[in-house]
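Here is a walk through one protein model. Keep the sequence and the 3D view side by side as you read.

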Amino acid sequence: MTNGSQRAVVYAGPGRAVLGEAPMPALEVRPGPGVLPRRCDHGVIVRTLATCVCGSDRHTLHGPGAVPGMVLGHELTGVVVEAGRDVERVRPGDVCSVPFNVACGRCGNCRAGLTGHCLATNPSRPGATYGMGEGFGGWAGLQAEYALVPYADFNLHVLPDPDQARERLLDVALLGDVLPTGYHAARGARVGPGSTVYIAGAGPVGLACAAACRLLGAALVVVGDFNAERLAHARASGFAAADLSAGGLPDLIAEIAGVPYVDAGIDCVGASGVRAAALNDVVAVVRPGGAIAIPGVYPAGPPGERPGLEVWLGGIWSKAITVASGATPARRYQDELAAAVLRGGQHALAVPAPAAGQGAAAPGWAEIRKDNAGGDYHAQVGLLGDAVHRAGGCTLAVGPGAVFGAADAAGRVDHYRRSVDAVTAEDWARCALAAVDVDDVFRAYVDAGVDADGEQAPVTVDDRRAAASAADRRIARVVSSVPAGTTILVAGLSDNGQTPHLRVAAAANGPFGEGLLTSSATRQPGMVTLTDATATVLKSLGLPQPKQAVGSAWRVQPSRKTTAERVETLENADVAAQAIRRIQPTFWWVLAGAQLLLYGLAALALRRRRWSTRESRAKILAGTRIVALVGGATPVATFLAGLLPWWQATHPAPALVCAVVGFAGLLAGVAVAGPWRRSVTAPALVITGVTALVLAVDVMTGSSLQLNALMGYTALVAGRFYGFGNQAFSLFAVATILSAAWLAEYPLRAGRKWLAVGIVAAVGAFAVAVDGLPSWGSDFGGVIAMVPAFAVLGLMIAGKRVSPLRLALFLAAGAALVLLISYLNARSANPTHLGRFWQDLASGDAWDTIARKFQAMLRSLGYWPFIIPLAGAVGFLFFALVRPIKARTPLLDRAYAHSATMRPALLSALTMAAAGTLVNDSGVVILSVSFSLATPLMLAASVRALEHDHVAAGTPASERSESPSSAPG
């Protein structure tokens with residue numbers, strides 16, 4: 001590496017640079033003015049992968065200090081090919097970014113982070129730079145095939161993943177100078193969250209500085225220039241642009257920002273001839289107490305060397321403006337900026353970049369694609385853009401956010417316009433697909449900034465209303481500009497804060513007339529999902545929907561309501577969803593606490609040895625039974641509450657609670673007031689029967705009661721919109737099993753055993769059909785759990801033994817049945833998730849779904865609002881279920897004596913709950929919710945049996961309950 005020559009960009013006289021030859025570098029410092037020749041054992045030789053031209057190079061070409069044949073340039077990314085003997089950290093083969101400063105890393109300035117002003121690398125003054133001549137240390141430039149980098153352990157930023165660095169080479173190349181310079185300037189100007197910034201100059205440093213301001217949280221970044229092409233680039237990158245040829249800068253700033261000043265100003269131009277116009281413009285628009293940074297280069301000579309270089313010092317002094325200037329210590333920022341660049345797509349540098357022609361590329365797309373592919377669902381991004389391109393069409397994106405929506409797998413759109421105002425009639429007609437970013441409401445929150453704690457500052461009602469009006473006007477502009485008959489879809493994509501809300505979805509033209517939008521994914525009037533948007537666009541364009549694109553096309557459900565009434569319906573849906581979101585966590589804790597309290601009080605009351613009077617004993621037993629029935633009625637009451645428009649109340653949340661309590665009390669009253677009230681099981685049968693029928697009718701008629709119910713599902717989560725949710729399935733399954741068992745009680749007592757078995761079979765077939773058919777319950781795991789549970793119930797009622805082999809066969813039968821349903825559904829025009837599972841099974845992708853659900857089931861073990869009441873129920877029931885004679889409070893033993901189907905019912909329900917827990921992604925939730933219905937009703941039936949025994953024996957029930965030998969067999 002010490003002999004021969006190489007290709008390099010060399011200085012060829014004032015204003016001229018040529019691609020010529022230069023000596024190959026060696027591990028030595030060559031002599032120069034004030035520089036002694038010596039070995040450079042602390043250096044390395046780097047082979048160039050990418051090098052850049054900097055605006056500062058023109059100062060070298062036109063200024064003093066350059067020598068003919070000198071290698072130019074100071075930005076380099078390359079591979080280490082040779083290392084000196086004193087180099088310890090860097091090794092040959094490392095891919096590195098070379099900062100433009102030459103710094104020793106040892107002097108006081110370097111230790112303080114001021115590597116742009118190293119005291120040891122330039123004999124003439126502090127600070128050295130590659131390729132800028134004697135005044136900057138005389139170091140050879142980096143625009144060559146190979147370069148010497150001294151003090152390599154300190155100077156070089158080693159990129160941790162060489163393959164990633166090569167893949168992102170054009171991004172990594174920015175780390176040597178332009179991006180650290182822009183970032184240093186933004187830091188020097190004290191840019192932070194919510195700042196407003198003016199940047200003079202829309203060249204590479206100006207745009208890098210603008211990107212850095214966004215990275216630091218600036219709310220508004222205005223870039224000023226006279227060059228129309230540069231300004232267009234700034235707009236395409238998502239920044240506001242000030243055309244300095246169109247008027248005075250304060251007026252331009254006022255037009256953009258609403259006020260004629262900004263918090264921070266940055267001069268990325270420097271001295272232009274003998275003028276400091278850019279810097280003086282910055283001074284003019286920075287507010288009092290603001291800050292200015294000057295990364296632009298100014299002559300370092302003494303006063304008078306450049307007559308006429310007038311800086312408005314009076315403006316700086318009178319406004320108390322803080323000024324930061326000087327060469328950037330690039331090495332100081334390389335670590336954090338490398339992380340930002342290499343994690344592209346996850347930070348504020350992500351703005352659309354110009355692509356070939358008039359298109360744009362979504363920044364950070366490779367990382368976005370990688371993140372999605374590595375998630376649980378292995379989502380593929382760019383499906384919509386790819387589908388349009390396969391059909392020979394093109395894509396237009398209007399606004400930065402639209403690029404991400406219309407991009408293909410490579411992250412590109414064919415045509416890009418910064419705003420609706422910039423789109424021509426020709427643009428609208430050119431492409432089959434146009435995506436428009438309507439971000440006015442979002443911008444209102446950005447403009448509001450953050451408070452001292454970094455939290456979102458509040459947006460006033462007036463400001464939000466104004467932003468919404470601006471969004472309406474922008475949409476109206478689109479509607480009036482597109483060709484006649486164009487199908488228009490409007491979709492709200494996300495929330496502005498931590499509180500989730502339902503967002504707008506609207507459609508016009510094409511197949512969309514008057515009515516409410518719906519889709520096969522929701523089956524709910526007025527509700528569609530965001531994933532449905534892709535399917536809708538593809539259908540509107542007449543393109544096939546890829547398997548990877550989930551969702552169903554929007555369609556209109558006719559409605560006789562007026563527009564105002566339809567809007568009110570949608571607003572009510574969001575009110576209901578918000579109420580459920582606020583109450584639901586508390587509801588589960590209250591339900592858990594109430595159940596634990598019930599179990600504890602029941603055990604305490606029933607274990608008392610003596611009672612003061614027979615009347616008090618009767619009252620306590622009756623009270624315990626009624627409270628237990630109310631507890632059993634509460635789950636279905638959470639669904640019945642949906643029959644009342646509680647969301648229209650002034651205070652929806654309390655109205656919902658009152659509705660649930662009212663329905664629970666009403667149902668418990670019916671259970672104890674009818675002619676069946678003296679039966680051990682009939683009152684509980686009333687509750688299980690109503691629970692089963694309400695839930696069955698609900699899923700058969702659209703699942704309206706489950707939507708926005710405390711034990712149902714919510715549109716905010718959007719996990720389900722139809723069929724059985726996991727909690728509703730648990731209740732339905734337990735309710736049908738207990739109902740079947742207690743209905744079979746009557747023919748069984750009459751000696752008609754096979755009629756009893758037939759009742760179980762009929763109820764079981766109905767329950768499995770309601771749960772498993774795609775048009776009703778559309779539940780996968782429920783079928784697997786219910787088939788063996790009903791089989792166990794039938795066998796026990798028939799007096800047959802349930803062996804492990806038989807149980808395994810029943811489980812296999814349940815799995816076979818659900819696979820048959822899945823196969824048939826997969827052959828339909830609009831398969832549900834049941835059919836898609838069969839498609840995944842056929843393609844070999846089903847294991848991912850199974851693994852994901854199994855992992856979710858394991859995570860459910862941390863759901864404490866369900867674990868705690870489950871533990872209490874199991875502790876209360878275990879010995880009574882398994883060994884009733886030895887329980888300290890053998891209530892079930894009393895019930896078993898009065899009901900031949902009590903034991904089969906409870907063991908079958910337990911079988912269903914255990915199997916459902918194992919095959920369902922909600923895991924322990926299935927078991928807990930099942931117990932929340934079964935345990936109170938079991939307690940009520942057992943207490944009723946105890947009351948009968950007490951009446952028959954004429955002795956205190958509490959005394960007999962302490963003696964296992966006295967329990968009836």
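A disulfide here is a pair of cysteine sulfur atoms within 2.5 Å. By that rule, the structure holds one disulfide. The model is a predicted one.

The bond joins C394 to C431, with an S to S distance of 2.0 Å. Look at where the two cysteines sit. C394 lies in the loop between α14 (383-390) and β18 (395-398), and C431 lies in the loop between α16 (425-430) and β21 (433-436), so the link ties together parts that are 37 residues apart in sequence. The angle about the S-S bond is -110°, and the link of C394 and C431 is left-handed. Both C394 and C431 are buried.

Now turn to other cysteines. Why does C104 form no disulfide with C118? C118 holds the cysteine sulfur closest to that of C104, but the distance is 3.6 Å, too far for a bond. C104 has 6% relative accessibility, so C104 counts as buried. The sulfur of C110 gives a similar picture: the closest cysteine sulfur is in C107, 3.6 Å away, and that is too far for a bond. C110 is buried too, with a relative accessible area of 5%.

Next comes a sheet. Five strands form it, in the order β8-β5-β6-β7-β9. The sheet is open, and the pairing is antiparallel. β8 (146-149) and β9 (157-158) are the edge strands, each pairing on one side only.

How many bridges join β7 to β9? Two bridges join β7 (residues 95-98) to β9, and these strands run antiparallel. A cysteine appears here as well: C96 has V158 in β9 as its bridge partner.

Technical notes:
Residues are numbered from 1 along each chain as its sequence is written. This is a predicted model: local features need pLDDT of at least 70, side-chain atom pairs count only at pLDDT 80 or more; totals for chains, interfaces and linings use all residues. Side-chain values use heavy atoms; hydrogens and water are left out. Two strands pair if DSSP finds at least two bridges between them. Helices (H or I, at least four residues) and strands (E, at least two) are DSSP runs, numbered from the N terminus. Buried means under 20% relative accessible area, exposed over 50%, partly exposed in between (1.4 Å probe, protein chains only).
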